[in-house]
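Here's a quick walk through a model you may want to have open while you read. Let's take the ligand site to begin with, then a helix, then some backbone oddities.

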Amino acid sequence: MSARLWEEVDAYIVERLLPADPVLEEVLAASAAEGLPAISVSAAQGQMLAIFARMVGARRILEIGTLGGYSTIFLARALPEDGVVVTLEADPHHAEVARANFARAGIAGKVDLRVARAIETLPQLEAEGAGPFDLVFIDADKPSNPDYLHWALRLSRPGTLIVCDNVVRDGRVIDAQSTDASVVGVRRTYDFAGVEPRLTATAVQTVGAKGYDGFALLLVE
Ligand code: SAH
Ligand code: DHB
Ligand code: MG
């Protein structure tokens, strides 16, 4: 099995199941033209996030890690008219590109973009009473994942779905000796999720246009 086959199958899945979406193509092109890294979720994964949001009837979504707003757009489109995605981004240039992309996609009115390190914004959201969120998507700096999971729980209610991206990373997650801060952060997230009684947790491995990786799915009790 090759990465190329995964990509071809991903293209087949998107062609058969997802509506053609010139706006999302423009969003990716604009992000690339502005020098953003090509690390957003794939189209098939974005659609999966949108389906999760609809399944939980999400009205309030928290996203940690905006980049150019590609995943944000899938999430925002899954919301009812009065719904909101609060999305946290540390890099001002990424945020600026995302803002333009939200306008492009016509969803700016459903997005509350906060530009600061997430670890600063999260306590602020709690102080504002911004929670509870119905869905949380954790997809920023991986070493901070345990902290983000801690805050996600504080900003949750029973029934909240927490989705965490990049929890497999080419299988590197099982390397207990790893000194890579991202791998260590992801492993600590598993350790936390596995013993936290408020979480019913699993992780699903994925292959496709984004290589070999996976999502953790954490349901708050
Ligand atoms: N969710 C996006 C991809 C996010 S990539 C999508 O799928 O389309 C990860 C993003 O997290 C990057 O834009 C990076 O700048 C941002 N980031 C990294 N460290 C951060 C931090 N401490 N606080 C907030 N955002 C951070
Ligand atoms: C990276 C980050 C991501 O969120 C992702 O989905 C893929 C790669 C990265 O930092 O390399
Ligand atoms: Mg990611």
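How far does a polar side-chain atom of Glu 89 lie from an oxygen atom of ligand 1? The distance is 2.6 Å, bearing in mind that this is a predicted model. Glu 89 has company there: 22 residues surround ligand 1, and the closest are Gly 65, Ser 71, Glu 89, His 94 and Asp 139.

Here are some polar contacts to look up on screen.

| Residue | Atom in the residue | Atom in ligand 1 | Distance |
|---|---|---|---|
| Glu 89 | polar side-chain atom | oxygen | 2.6 Å |
| Asp 139 | side-chain N or O | nitrogen | 2.9 Å |
| Leu 67 | backbone N or O | oxygen | 3.3 Å |

So Leu 67 meets the ligand through a backbone atom, while Asp 139 uses its side chain. As for cover, ligand 1 on its own has 580 Å² of accessible area, and the protein covers 88% of that.

Next up is helix H2, which runs over residues 22-33. Its 12 residues reach 16 Å from the first C-alpha to the last, close to the 16 Å expected at 1.5 Å a residue. Which residues of H2 are buried? They are Leu 24, Val 27, Ala 30 and Ser 31. These four sit on the same side of H2, because they cover an arc of only 120° around the axis. The general rule behind this is that an α-helix has 3.6 residues a turn, so residues three or four places apart point the same way. Helix H4 (70-77) and helix H5 (92-105) are among what covers the buried residues of H2. Flip to the face turned away from that buried side, and you'll find the exposed residues Pro 22, Glu 25, Ala 32 and Ala 33. Just after H2, Gly 35 takes a positive phi of about 85°.

Now for the backbone elsewhere. Gly 131 and Pro 132 are joined by a cis peptide bond, with omega about -5°. You'll find Pro 132 in the loop between helix H6 (118-128) and strand E4 (135-138).

Another loop, between strand E5 (161-165) and helix H8 (181-195), holds Arg 169. Arg 169 is not a glycine, yet its phi is positive, near 45°. Asp 170 is in the loop between E5 and H8 too, and also has a positive phi, about 60°, without being a glycine. Are these residues buried or exposed? Arg 169 is partly exposed, with a relative accessible area of 28%, and Asp 170 is exposed at 52%.

How values were computed:
Residues numbered from 1 in each chain as written. Chains lettered and ligands numbered in written order. Predicted model: local features only at pLDDT ≥ 70, side-chain atom pairs only at ≥ 80, totals over all residues. Heavy atoms only, no water. Helix = DSSP H or I, 4+ residues; strand = E, 2+ residues; numbered from the N terminus. Expected span 1.5 Å × (residues − 1). Buried < 20%, exposed > 50% of the residue type's maximum accessible area, 1.4 Å probe, protein only. Arc of directions from axis to C-beta. Contact = heavy atoms within 4.5 Å. Near = heavy atom within 4 Å. Polar contact = N/O pair within 3.5 Å; in protein donor to acceptor, adjacent residues only side chain to side chain. Areas by Shrake-Rupley, 256 points an atom, 1.4 Å probe, with all protein chains shown as cover.
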